[in-house]
Amino acid sequence: MNFLRRRLSDSSFVANLPNGYMPDLQRPDSSTSSPASPATERRHPQPLAASFSSPGSSLFSSFPSSMRPSPQAPSGPTEPPVPSTPVVQRPRILLVIDDAHTDWAKYFHGKKVDGEVEIRVEQAEFSELNLAACVTGGCMVDVHVVRNGTKVVRSFKPDFLLVRQHAYSMALGEDYRSLVIGLQYGGLPAVNSLYSVYNFCSKPWVFSQLIKIFHTLGPEKFPLVEQTFFPNHKPMLTAPHFPVVVKLGHAHAGMGKIKVENQLDYQDITSVVAMVKTYATTEAFIDSKYDIRIQKIGSHYKAYMRTSISGNWKANTGSAMLEQVAMTERYRLWVDSCSEMFGGLDICAVKAVHSKDGRDFIIEVMDSSMPLIGEHVEDDRQLMADLVVSKMSQLLVPGATVPSPLRPWAPQTKPAKSPGQGQLVPQLGQPQTRPPPQGGPRQAPSQPPRPRSPSQQRLSPQGQQPLSPQPGSPQPQRSPGSPQLARASGGSSPSQASKAGTTLPSQPRPPAQGRSASQQGEEPKKTAPPHPHLNKSQSLTNSLSTSDASQHGAPSEDEAKAETIRSLRKSFASLFSD
């Protein structure tokens, strides 16, 4: 047996034993036995306490280190990563309203919204469009165009709009304002905005905006031509001076404009206005040396000078010589001021006339439907395309919303009203007064009182004469649930009235600011009975709030108010003890 024990103490011998086999070396007659053999202790070198999970130990602390999961390895079965398929966004549809002479698709070739989304260009004229718009579905546009002798009908839902045509012209009988209304109804963003496009359907309406700029900047910085508006032919009796230019209705490209030399011709034009049944304007004729045109596309400016060669008084009619001139600060001020009308114009142009005596006169402003002139027409169209892509990236990309100044959808907080509008605006460093009870007086501590008419006087709960607020001072605000003590009527018990009348005047309280001695002496005579639905605690609480509202102000009165509060609390306790 001793030999066997020595063999078991040999590590090499124990290692060759079968797994889980360990002979029992206890004697049959022995009463005590060792808990484990030395070989067993060698096979389990960890301490006994480590084989069990203590409350603060880990779940895997009882397993060998080779069987413990690594912290980086996932606990569950891993699957091979699936390659994510790229999400292909649908192309954004851009509707360009222009004639077929300009192919706008080539200027947007290769351009993408936010560098990722393709742009699909649809081009048509106002006369080829029809649409239907609803609240939730947006705007669905039908296009009936003729291409190479074949009529093509397409229906699509545009995402953006570029307007390069006039929506209204009386001279040609083209009125597409209903289409502009439908596009705006569908909520389509556009360049320029549909709001401005609709406002540009009347030239006198646009000229009224120029008059506002004229009064703001003055005649030196913004020299606007003198113009007179007539809603119909009846007030068109005579002109202050001749020659004058009469403009009938709303037309473009020099149509509807007549130069009148004398009174007889003026009467003839008046009869024409009566037949047309429209408004008209007259402005002084300017013997021009050349015309000036300043255009703005986004942040790019150009100035042109146009001189008539054919001798026509309209520089845009017949032959003319066009020359690009330097962009001056004066010209920049003109076009920048006009680009702010109707919520902002991304594309606009200002037309002016330079007279032979060296003076300038602004006569008109144009929107995105302006014709392009000069040698840089292709560059200007490319600038328009870049501007449209930039606007589409701002308005159509999720999360990159730009609030419109015309339709502010974001919740707006109401601005603080001035004290003259019935609301007291607290300022830093000044004490804020608590609202008095409903119907009670309210007055700033620094304002002296002013007498009120007898019909407007109301009494406070304790019979004090209220101070009438000055004109423009804040009116008393009624809080929900505050009792109306100023309108109190009889109905309370005599004991409550006697206690409320005898207890309150005996309490120490500082005199109200701004009251005369005669007013303080009249207080006991004008005692109003408390409200029948108010108990004693409400009467005392309201008297305290009225006193605080009238006395709140100087820091030196804090001790007096604290003493008043303590006294009122004692009176409150004594009332309930009775």
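These points concern two helices and several salt bridges in a predicted model.

1. Helix α6 covers residues 203-217, and its 15 residues reach 21 Å from the first C-alpha to the last, which is close to the 21 Å expected at 1.5 Å a residue. After the helix comes Gly218, a residue whose phi is positive, near 100°.

2. On the question of which parts of α6 are shielded, the buried residues are Pro204, Val206, Phe207, Gln209, Leu210 and Ile213. The cover over these buried residues includes α5 (194-199), β11 (227-230) and β14 (280-284), together with α8 and β19 (360-366).

3. Helix α9, residues 377-396, has 20 residues and reaches 28 Å between its first and last C-alpha, again close to expectation, the expected figure being 28 Å at 1.5 Å a residue. The buried residues of α9 include hydrophobic side chains such as Val377, Leu383, Met384, Leu387 and Leu396, but Asp380, Arg381 and Ser393 are also listed as buried.

4. Lys391, in helix α9, forms a salt bridge with Asp346, and the closest N and O atoms of the pair are 3.5 Å apart. This pair links distant parts of the chain, since Asp346 lies in the loop between α8 (329-338) and β18 (347-355), 45 residues from Lys391. Lys391 has a relative accessible area of 23% and is therefore partly exposed, buried being reserved for values under 20%.

5. Arg566 and Glu563 also meet through their side chains in a salt bridge, at 2.8 Å from N to O. Both residues belong to helix α13 (residues 558-577), where they are 3 residues apart and so separated by about one helical turn. In general, an α-helix has 3.6 residues a turn, so residues three or four places apart point the same way. Arg566 is partly exposed, with a relative accessible area of 44%, and Glu563 is likewise partly exposed, with a value of 36%.

6. Arg359 forms a salt bridge with Asp357, in which the closest N and O atoms are 3.2 Å apart. The two partners fall into separate accessibility classes, because Arg359, at 48% relative accessibility, counts as partly exposed, whereas Asp357, at 52%, counts as exposed, the limit for exposed being over 50%.

7. Salt bridges also occur as a network, in which Arg120, Glu122 and Arg154 are linked. For the model as a whole, the count comes to 20 salt bridges, a total that rests on a side-chain nitrogen of Lys or Arg being within 4 Å of a carboxyl oxygen of Asp or Glu.

Conventions. Residues numbered from 1 in each chain as written. Predicted model: local features only at pLDDT ≥ 70, side-chain atom pairs only at ≥ 80, totals over all residues. Heavy atoms only, no water. Helix = DSSP H or I, 4+ residues; strand = E, 2+ residues; numbered from the N terminus. Expected span 1.5 Å × (residues − 1). Buried < 20%, exposed > 50% of the residue type's maximum accessible area, 1.4 Å probe, protein only. Contact = heavy atoms within 4.5 Å.
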